[in-house]
Structures are given as C-alpha cells and as structure tokens.
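Me: Please take a close look at one helix at the surface, and then carry on from there to the pairing of strands, the unusual backbone geometry and the charged contacts. I would like one connected account that I can follow with the coordinates open.

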Amino acid sequence: MLVYNSGMPKQLTILSAKIAFRIGRLFGKGGSALPGLVAERIDPQVLSKLVRGNFRKGIILITGTNGKTTTALLTAEILRADGRTVLHNRGGSNLMRGLLSTMIQACNLGGRVKADTAVFEVDENAFPAIVAAVKPTHIIVTNLFRDQLDRYGELDATAQKLAGALRKADAMAWLNADDPLVASLASATKNSSFFGVQASTSTKLDDEWSADSLVSPKSGVPLIYSKRYYSHIGIYKSSNGDFSRPKADIEATHPQAKQDQLSFQLKLGNREITVRTKLGGFYNVYNVLAAVAVTYQLGVSPDTIRVTMQESKPAFGRLERIDYKGRELYLLLVKNPVGFNQIIETFLLPDHEVSALIIINDNIADGRDVSWLWDANLEALSEKKRNLIVSGQRADDMALRLKYANVAKFTTKANPEHGIDKLVTSVKPGQKIYIVPTYTAMLSIRSWLAKKTGIQEYWQ
Amino acid sequence: MIRIIHLYPKEMNIYGDRGNVVALNARCAWRNIQSKIVFCGLGDKLSIAPGDIVFIGGGQDRGQSRVAADLETKADVIRQAVESGTPLLAICGGYQLLGHHFRPIEGPELGGIGVFDAKTMGGSERMIGNIVVESKHFGRLVGFENHSGQTILGEKQAELGVVRRGCGNNGKDQGEGAMTQHAIGTYMHGSFLPKNPAVTDWLIAAAQEQLGEPTVLKKLDDSLERKASDYAARLEP
C-alpha cells in the first residue's frame with residue numbers, strides 16, 4: 001500500500017492520483033473519492049498545496065444542511081455566464097477527498113487548473129478542515145436543520161463547528177437571515193452580509209417537529225415568529241428582545257413559488273429586477289438568492305444574473321426531470337425531515353392525484369438511523385387520493401410510518417425498479433411520477449434510469 | 001379518556017421522539033379508546049390524573065439544562081404518579097434526567113428527579129448504532145441508540161432488558177434501560193414504540209387500569225410492525 005511521504009514531489013502525487021481516477025473509470029464508477037484518497041495518502045497537505053496558486057478571482061465555499069448542491073450549481077452557472085472559468089465539484093462529492101478528487105481531475109501534472117474561480121459545496125462536518133486548507137474568499141451558509149444525527153451529531157454542535165471555522169477564515173460570509181442559528185453565526189465572522197426573504201405567506205404544513213431553532217441562540221428564550229415560512233425559517237424575534245432577524249442586505253420580495261418555477265423581486269444596488277427560474281419550491285428561493293447575492297458581490301451584472309437564472313436547470317437528483325416511457329419522472333432527493341416536509345408541501349400535497357415512490361436506504365451516506373421519518377409530517381398525506389409505493393432497505397420502516405400517519409393506501413416493493421414500472425403502468429402518459437429517494441437510493445435509481453433512457457451518468 | 005402528556009415537546013424531541021406519542025395515540029384510536037395528546041412545556045403546570053400516560057424524549061445539550069431546572073419543579077408530581085402506577089416512557093436525555101443526575105465530562109452537573117435509581121456519567125465515546133434487547137416482559141425490542149452518557153443502575157433498580165446487540169446503558173454490563181412500576185426509561189429510539197407495539201400496548205393497558213377500564217386490549221394486526229422489527233433485529237450495531 002502507499003506510504004505516507006510528504007516529501008514526494010507534487011507532480012508524482014498528482015500522477016498517482018490521476019492513474020487511480022483512470023482505473024476507477026475503467027470499472028464504470030464515478031470514482032469521486034478514490035483519486036482524492038490516493039493523493040491524501042501520499043501527501044496529507046496536498047489539497048492546500050494544489051489550491052495555492054490557482055483561482056486568482058476567488059474561492060467560494062457553500063455549506064449548510066439543505067440546498068448546497070443547487071446553490072453551488074447556480075453560482076457556478078452565473079459566474080460562467082459572466083465569462084469566468086469555474087471549477088465546481090459537481091458530483092456532490094463535498095468531503096475533503098471529494099474536493100481533492102475534483103482538483104486532481106482538473107489540474108495538469110504541474111498542479112495548474114484552468115479556472116480562475118472555484119465553487120465548492122462543502123459538507124458541514126468537513127467545513128473546518130476544508131476552510132483551513134483552501135482559504136476561501138467567500139462563504140455561503142444556506143441553513144441548519146437536524147440531519148442524520150448519527151453522522152453529524154446535534155445541530156448546536158454543528159453550528160459551533162461552523163462558528164469556529166468562520167472565526168479563523170478571512171472570507172466574506174453570506175448568511176441566511178431567516179434561519180436564527182445561521183444568522184447567529186455573524187458574531188463569529190469578520191465580515192458578513194445577510195440574504196433573506198420577505199413573503200406574505202406562511203407554511204400550511206404543521207412542521208414544527210422538524211424545527212430545532214425555535215429559541216434564541218443567545219439566551220434560549222422562545223422565538224416569536226411574525227412569519228414562519230417553513231420549519232424555523234422566517235421572520236422572528238426573541239421574547240426578551242436579545243435576538244432578532246437581522247436586516248437583510250439582499251432581500252427577495254414577492255416570491256411566487258410553484259412546482260416547476262419560481263420568481264421573486266430583488267433590489268441590486270439601485271436596480272429593481274425580477275428573477276425567474278425553472279426551479280420549483282419555495283425553499284429554492286433561498287438557493288437562488290444566495291447564488292445571486294455572492295455573484296453580484298463578485299461584480300456580475302444584474303442582467304447576466306437574471307438571464308442565467310431563466311435558463312438554469314435543477315442539479316442532479318434535485319427536482320431533476322427524467323422522461324421514461326412517456327411519463328415525467330421527477331427525482332426529489334430526501335435527506336432529513338425539513339426536506340421531506342418541503343417535498344410534501346410543494347409536490348405531494350397540491351395535486352389531486354399523486355403518484356410517488358419513496359425509497360429509504362440506511363447506508364452511512366443516508367444516515368443509518370431512520371428515526372427522522374417520524375419528524376416529517378406524513379400525516380398531511382392521509383386525506384387525498386394517492387398512488388404511493390415504498391421501497392428501499394428500510395421500506396418496512398417507511399410503511400410503518402405511513403400506517404401510523406393513517407395513510408391507508410400504499411404498497412411495498414422490495415425492488416425500487418419494480419416500483420417505477422408499476423407506477424408507469426398505473427398512470428397515463430404525460431403524467432408526473434415523483435421519486436423520493438435517500439442519497440444512495442437516488443444514486444442507484446438514477447443510474448438505472450440513465451441506462452434505460454440514455455441520460456448522462458451524474459459524473460459525466 | 002387517556003391523556004398522553006408530552007413533556008417539553010419543543011426542547012426534548014430530537015430523534016423522532018414524536019413517533020412514540022403518535023404510536024400511543026394511534027393504537028388507542030384503532031381500538032376506539034378515546035385519547036388526546038397534551039403538551040406540557042417549560043413553566044407549564046403539570047397535573048397527572050388517572051388515565052394519563054407521561055412521555056419525555058431526548059434533547060440537545062442546550063435544551064437540557066433548562067429542562068432539568070424546570071423538571072425539578074414538577075418532580076413531586078411525577079414521582080408520586082409513578083409510585084401510584086401511572087405509565088411513563090422516557091427516552092435518552094429524558095431517561096437520564098429521570099435518574100439521580102447526569103455528570104458531563106465538562107460543564108455543570110444536571111440534577112435528575114430520581115424516578116429511577118440510576119446515575120449517568122458523560123463518556124468520551126458516543127455509542128451510536130442499531131440495538132437489540134431481550135426483555136423478560138416484552139420479548140425482543142429493537143431500536144437505535146445515540147448517546148455518550150453512561151448510565152449505571154442502582155443495585156435494586158430493574159433494567160428494561162439485556163443487550164443482545166449494541167451498547168445499552170453503559171456499553172459494559174449488558175443492561176439496557178430501567179423499569180419501575182409502569183415507568184420505562186430507555187436509550188432506544190427509532191422511533192421506539194412503533195416497532196415495539198408490545199410496550200405501547202402495555203402503557204395503554206396501564207392507563208386503562210388506572211381508569212378502571214378493561215385492560216385486555218383488542219388485538220390489532222401487527223404484521224407491518226413485526227416485519228419492520230424483524231428487519232431491524234438483523235441490522236449491524
């Protein structure tokens with residue numbers, strides 16, 4: 001096996017890792033972590049060495065519980081439209097090794113990357129080490145929700161980790177004003193701005209069970225919400241006045257979110273623009289807004305931003321549409337209760353008849369603990385006519401969840417592909433089928449659909 | 001009428017704890033036993049009457065010190081109720097606070113209310129994973145544990161069961177949970193009650209007994225529960 005040797009020339013480290021990447025491809029894998037693993041074994045400092053000297057126009061890190069992949073994709077698209085060359089970790093490989101693999105694939109043997117800007121989504125746990133290694137110029141924190149507690153631990157602990165990293169970073173931070181825990185991170189930053197939303201709507205779903213930050217991060221007294229958009233996202237102030245939603249430096253107003261599009265108004269400098277995208281769901285207002293905020297700060301013109309957003313498509317597995325046997329399949333990755341509630345509220349509730357396949361796995365990347373299913377409001381599905389199939393390693397747990405939510409009609413299929421075929425035969429051509437998989441379930445069902453339909457594998 | 005009293009729902013709800021309350025309520029409803037869920041939070045007055053089932057879940061560290069202080073004001077009511085046979089379920093952090101104390105590695109000690117003869121010490125390693133327990137009362141129980149606190153029971157304190165897979169109270173003595181009268185404390189979530197309907201029904205029957213209602217409950221179709229439990233019992237810890 002490879003021996004630790006930080007004295008090895010950088011070129012040799014890169015070469016070994018590139019070979020590992022090629023070998024991975026031969027076996028038809030995305031190989032997103034292997035080259036990184038090889039490089040790291042040879043030289044643990046390799047990421048910071050590789051990043052140094054590259055990306056003269058900036059390094060943007062995006063972290064938070066939900067929305068990282070979409071925000072990173074939109075940010076990269078806007079910057080490219082502005083004429084920059086951007087390196088972006090597309091596969092969602094957001095740990096140290098994933099970033100390293102992205103760098104290894106992109107650089108030449110001398111370590112040069114043909115990109116003036118880096119846009120990396122970063123896992124919350126990996127964030128402190130990655131901040132130290134890459135020294136970002138800009139940071140976005142999207143939101144903090146309870147998520148895979150067996151991996152991440154408690155939310156407060158995650159927030160403390162992020163705060164520690166922000167304290168040491170010399171970056172401009174964009175924080176979500178409407179998430180109390182994220183907003184409270186401002187005190188840990190040298191230089192921060194807020195993005196936020198002013199909307200007249202509040203959540204229709206009883207989703208407080210997914211909320212962790214309904215108390216002041218300062219004193220622990222309850223927060224009072226004048227508007228609660230979803231979970232603990234909204235306009236709030238603490239009952240003793242020690243903490244309130246900060247004024248947003250960039251603020252979306254009049255948001256209109258549907259299943260397949262959204263729009264909002266925005267003041268950039270003295271320009272008033274309307275941003276429209278083909279992404280659906282209110283939660284995506286925040287992802288679009290964060291991408292707009294950081295790119296505007298980097299000097300992209302409002303017109304370029306507006307035009308790029310009109311054309312943008314969802315990231316893989318995130319509301320991604322795949323046409324299969326004449327039906328519209330939508331992949332809606334689910335990771336945690338807040339995400340599940342957003343999927344329910346946006347996609348599964350409004351339609352009269354919904355066809356959906358829910359696939360719950362419990363591999364490490366999904367979270368081995370499936371308790372979170374009980375924090376999502378599946379009860380909301382009990383009243384309407386639905387065509388539901390549950391599958392995945394923990395199909396029985398999902399079935400039990402639906403039973404106790406009084407959702408009477410659903411079936412269980414051991415094999416998710418059979419679930420899709422059953423739904424396809426039971427709905428008319430042109431109708432929508434929602435697939436709601438956890439992470440590893442999404443990778444495998446998407447791969448299967450890629451073979452069936454000829455869409456690209458996610459790493460291509 | 002059975003009242004399911006959910007203590008500190010905002011602070012103590014971390015690992016899908018709500019599922020336990022949902023399960024109690026549903027299994028009453030499916031038998032046409034009238035029930036309702038009542039929330040009792042910080043500063044709220046707690047009174048416990050015959051027919052009540054008390055539930056407390058786990059919480060983040062930040063929430064727990066405030067909860068410990070508030071629980072002290074409710075201690076007499078809870079202890080008396082448990083002594084007179086009120087059913088109670090406490091999960092993880094809630095279980096710890098129902099012992100004598102929780103001593104974290106760092107920071108101040110949290111006082112408990114001594115429903116269980118148990119003491120908890122902070123540990124440096126987190127015990128995370130699937131857990132299978134064999135209980136004399138209930139047979140096989142399954143769940144997921146995630147705690148760093150190590151709980152040691154007093155000599156006369158009965159445990160809930162013996163660990164077959166996983167860590168349990170402290171990862172050393174094979175014991176898991178505690179049981180006093182009709183009160184159960186456990187580290188198992190998952191959520192705990194949905195996959196362990198024998199415990200759910202035992203709690204409901206205890207409430208029925210307090211009400212003077214029939215304690216032999218109508219049988220339900222538990223095939224889904226069994227399937228999910230069988231699957232969980234095969235998982236690696």
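Reply: From a surface helix to the charged pairs

Ile23(A) has its place in helix H1 of chain A, which spans residues 10-26. The model is a predicted one, and what follows should be read in that light. With a relative accessibility of 42%, Ile23(A) counts as partly exposed, and together with Leu12(A), Leu15(A), Ile19(A) and Leu109(A) it makes a nonpolar surface patch of about 410 Å².

Strand E17 of chain A, residues 432-437, offers a contrasting setting, being mostly covered, with 5 of its 6 residues buried. Strand E13 of chain A (residues 327-332) pairs with E17(A) in the parallel sense over 4 bridges, and within E17(A) it is Ile433(A) that serves as bridge partner to Leu329(A). Strand E14 of chain A (residues 353-359) likewise pairs with E17(A) in the parallel sense, over 4 bridges, and here Ile359(A) has Pro437(A) as its bridge partner.

In chain B, an open sheet of 4 strands runs in the order E9-E8-E11-E12, with antiparallel pairing. Its edge strands, each of which pairs on one side only, are E9 (139-147) and E12 (175-176) of chain B. Strand E8 of chain B, residues 127-135, is joined to E9(B) by 9 bridges in the antiparallel sense, and Ser135(B) stands opposite Gly139(B) of E9(B). Helix H6 of chain B (residues 223-233) packs on this sheet, where it touches E8, E9 and strand E11 (161-165) of chain B, and its direction makes about 60° with that of E9(B).

The contact between helix and sheet also has a charged component, since Arg140(B) forms a salt bridge with Asp230(B) in which the closest N and O atoms are 2.6 Å apart. Because Arg140(B) lies in strand E9 and Asp230(B) in helix H6 of chain B, the pair ties together parts that are 90 residues apart in sequence. Arg140(B) counts as partly exposed at 33% relative accessibility, and Asp230(B) is partly exposed as well, with a relative accessible area of 34%.

Asp178(A) and Arg245(A) meet through their side chains in a salt bridge of 2.7 Å, N to O. This pair links distant parts of the chain, 67 residues apart, with Asp178(A) in the loop between strand E5 (172-176) and helix H9 (180-183) and Arg245(A) in the loop between strand E8 (233-238) and strand E9 (250-257) of chain A. Both Asp178(A) and Arg245(A) are buried.

Asp76(B) and Arg79(B) form a salt bridge of 2.8 Å, N to O, and because they are 3 residues apart in helix H2 of chain B (residues 61-83), about one helical turn separates them.

Two backbone details deserve inspection. Gly190(B) and Ser191(B) are joined by a cis peptide bond, with omega about -15°, and Ser191(B) is found in the loop between strand E14 (183-186) and helix H4 (192-195) of chain B. Gln148(A), a residue other than glycine, has a positive phi near 40°; Gln148(A) is found in the loop between strand E4 (138-141) and helix H7 (149-152) of chain A, and at 8% relative accessibility it counts as buried.

Note on methods: Residues are numbered from 1 along each chain as its sequence is written. Chains are lettered from A and ligands numbered from 1 in the order in which they are written. This is a predicted model: local features need pLDDT of at least 70, side-chain atom pairs count only at pLDDT 80 or more; totals for chains, interfaces and linings use all residues. Side-chain values use heavy atoms; hydrogens and water are left out. Patches are made of residues with over 30% relative accessible area and no salt bridge: like charges are joined within 9 Å, nonpolar side chains (Val, Leu, Ile, Met, Phe, Trp, Tyr) within 5 Å. Accessible areas come from the Shrake-Rupley method with a 1.4 Å probe; for residues, only the protein chains shown count as cover. A salt bridge is a side-chain nitrogen of Lys or Arg within 4 Å of a carboxyl oxygen of Asp or Glu. Helices (H or I, at least four residues) and strands (E, at least two) are DSSP runs, numbered from the N terminus. Buried means under 20% relative accessible area, exposed over 50%, partly exposed in between (1.4 Å probe, protein chains only). Two strands pair if DSSP finds at least two bridges between them. Contact means heavy atoms within 4.5 Å. Axes are lines fitted to C-alpha atoms, for helices over the stretch in contact, and angles run from 0 to 180 degrees between N-to-C directions.
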